[in-house]
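Let's take a stroll through a protein model together. Have a look at the sequence and the 3D view first, and then we'll go through it piece by piece.

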Amino acid sequence: MYPQKSNNLETTVTKPLTREDLLKAYRTMRTIREFEERLHTDFATGEIPGFVHLYAGEEASATGVCMNLTAEDHIASTHRGHGHCIAKGVDPVGMMAEIWGRTTGTCKGKGGSMHIADLSVGMLGANGIVGGGGPLVCGTALAAKLRGQPYVSVCFFGDGASNQGTIFEAMNLASVWNLPVIFLAENNGYAEATSSNFSVACDNIADRASAFGMPGITVDGFDFFAVYEAAGAAIERARQGGGPSLVEVKLSRYYGHFEGDQQTYRAPGEVQNIRDTKDCLLQFARRVTSSGQIAQAELDAIDAEVKALIDGSVVKAKSDPKPTEADLLTDVYVSY
Amino acid sequence: MARKITYQQAINEALDQEMSRDQNVIVMGEDVAGGAGSPGEQDAWGGVLGVTRGLYHKHPGRVIDTPISESGYVGAAIGAACCGMRPVAELMFVDFLGVCFDQIFNQAAKFRYMFGGKAETPVVIRAMYGAGFRAAAQHSQCLYNIFTHIPGLKVVVPSNPYDAKGLLIQSIRDNDPVIFLEHKALYTMEGEVPEESYTVPFGEAAVVREGHDVTIVAIGRMVQKAQEAAADLQKQGIHCEIIDPRTTSPLDTDTILESVEKTGRLVVVDESHPRCSMASDIAGLVAENAFGSLKAPIRQVTGYHAPVPFSDALEELYIPSAAKIIAAAKSVKEYK
């Protein structure tokens, strides 16, 4: 039933990026950044309800991975899920309305920031339970495998979730069933306020791959191209029946665990230093402009369009209606 | 054409017929076939008590053994259901709920609501429950009340072979997550079961016996005990009406209330622990909605607020008996 596995990610070649791909990647990363920076600003006014966990700083990961995926491929996300949603093709206007608790939101205002999902684009949901997505992607991957479809599933999870039993169970299950799953560990250095230097027992999360009989690789998560290539190799391998992989991207979040987190556990100047020297958008722009592939003016135009999109999404979200009592008991079941 | 088969055979037949009807139906769990990767016989067990025996060879590739990773494979079943499969995952003993509950109550149960009605999760989770096997505290619980508490889940507790087959077929065709609970002491119970496929609808209680003196609502295996008690009580001139809810979620409250309005007396028989139980739930429902009809206090015949004991001397004391039901029915009939 299952093809022979190899434990090598280097035998597959990632699809080369066209100019259009580069523009799309930049637009996606900029959209995520703008979306998150705007939420950071608006949250401070006290108008946005609930818990919000921002993805700013990590854009190269979601974008580098999802540029290798189609709408038929599935991803599972985390509590820090806005970036994954946008990169997988969820409409940011609906997302903003969702976060503002409006009936026009992606989930009609019933999910909120931590539960944005859109199965029509293969987005299985942000998830309020750390490590919750691992088992789920084994299921979407199993469905593809049983139906003979070339679709893959990606589980995004953090360094915190890397210590959850669900992730270990899912990695073992994906390996013994030889499923087309990519375990994409986003190691941003902190599980809430606890450093991964303390909580992860091995040097790299990817070191755990061999224990589950799959290849593992650690890449620079600030470098879109490194993520794109490593994830692309793992995804291509999975598509061809080669089984699961573990890809660890090392990166950083620019804001706290949640909005309002004072982040006293971080070193003074830590985030500013990363923003100045490693920022994924700056690195990307420098590379594609200096190579002559993209003009700075094109990137500036994208920046302006994205800003208008996000500004418009906030204006709309603020004026859209909230759900009413008639919505309280709908959609608990398909039928009851 | 009906013939006598056991509760266990009825469940096997339901799975077999649904797997033949719909390629999306798959069976997965620990040793649901047995023998995966082993040098000896495949389908060696067909489930730990042989309930799924024979399906492995009839439905190649669709009866899938799993590692002992309940979170992993229950979550995989849920993920597969999200993309249109109809997995039937077997949890073996319902007591193992403790190691996979997150996937059931935080993931499957909530997807539809959290995602604004955009998800369907047609998964069935089968599990054995109940005392009487000297299996002690971690293999003898009922726990249907825990699932019933959770909006988004449906909970099925068949008391006989006919209902077992019809309710399981309904469970598989249902588009919501269903917990299907099989009392292990009922596996050898024989009853008339049609050979052809049929469904028993959810939320429709069975009036197992008609009577005008006392309403007995009994869950699962307790229906048998109630029937024993009612036969004895009949000889003593007390005519009991027995109601088998068949599903605890949805619960057919109308049939229960109509019966109590007729008899004015209620005994609820529930094998599980008494606190926050189906017994207390139904008692509360009747107290709130049919108070004016009651001629006597409601009586609950349940297990105890103690783990299920091992020694036969203690376990027999633990399980509600016909004698206790008789005593309860007489006490409400004679109440002045």
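How many residues of chain B are in contact with residues of chain A? The count is 36 residues of chain B against 37 residues of chain A, where contact means that the C-beta atoms of two residues, placed from the backbone, lie within 7 Å. Before going on, note that this is a predicted model: local features need pLDDT of at least 70, side-chain atom pairs count only at pLDDT 80 or more, and totals for chains, interfaces and linings use all residues. Residues are numbered from 1 along each chain as its sequence is written, while chains are lettered from A and ligands numbered from 1 in the order in which they are written.

Back to the side of chain B that touches chain A: α3 (70–82) and α4 (101–114) of chain B each supply at least two residues to it, and α3(B) gives the most, with 10 residues. (Helices are DSSP runs of H or I with at least four residues, strands are runs of E with at least two, and both are numbered from the N terminus.)

Chain B also has an inner divide. It splits into domain 1 (2–194) and domain 2 (206–333), with bounds from an automatic or database domain assignment. Their C-alpha centres lie 27 Å apart, and 25 residues of domain 1 of chain B are in contact with 23 residues of domain 2 of chain B. On the domain 1 side, α5 (144–148), β6 (154–156) and α6 (161–173) of chain B each give two or more residues.

Here is the make-up of two touching sides. Ala, Val, Leu, Ile, Met, Phe, Trp, Tyr, Cys and Pro count as nonpolar, Asp, Glu, Lys and Arg as charged, and the others, Gly among them, as polar.

| Side | Nonpolar | Polar | Charged |
|---|---|---|---|
| Chain B, touching chain A | 16 residues | 15 residues | five residues |
| Domain 1 of chain B, touching domain 2 of chain B | 14 residues | eight residues | three residues |

What about the inside? Of the 336 residues of chain B, 57% count as buried, meaning that 20 or more other C-beta atoms lie within 10 Å of a residue's own. The largest nonpolar core (buried Ala, Val, Leu, Ile, Met, Phe, Trp, Tyr and Cys residues joined through C-beta atoms within 7 Å) has 199 residues. Both domain 1 and domain 2 of chain B give residues to this core, so it lies between them. Ala329(B) is one of the residues with the most contacts inside the core, and among those it touches are Val214(B), Leu233(B) and Val267(B).

Key
Buried ≥ 20, exposed ≤ 12 C-beta atoms within 10 Å, placed from the backbone. Lists of a residue's contacts leave out its neighbours within four places in sequence.
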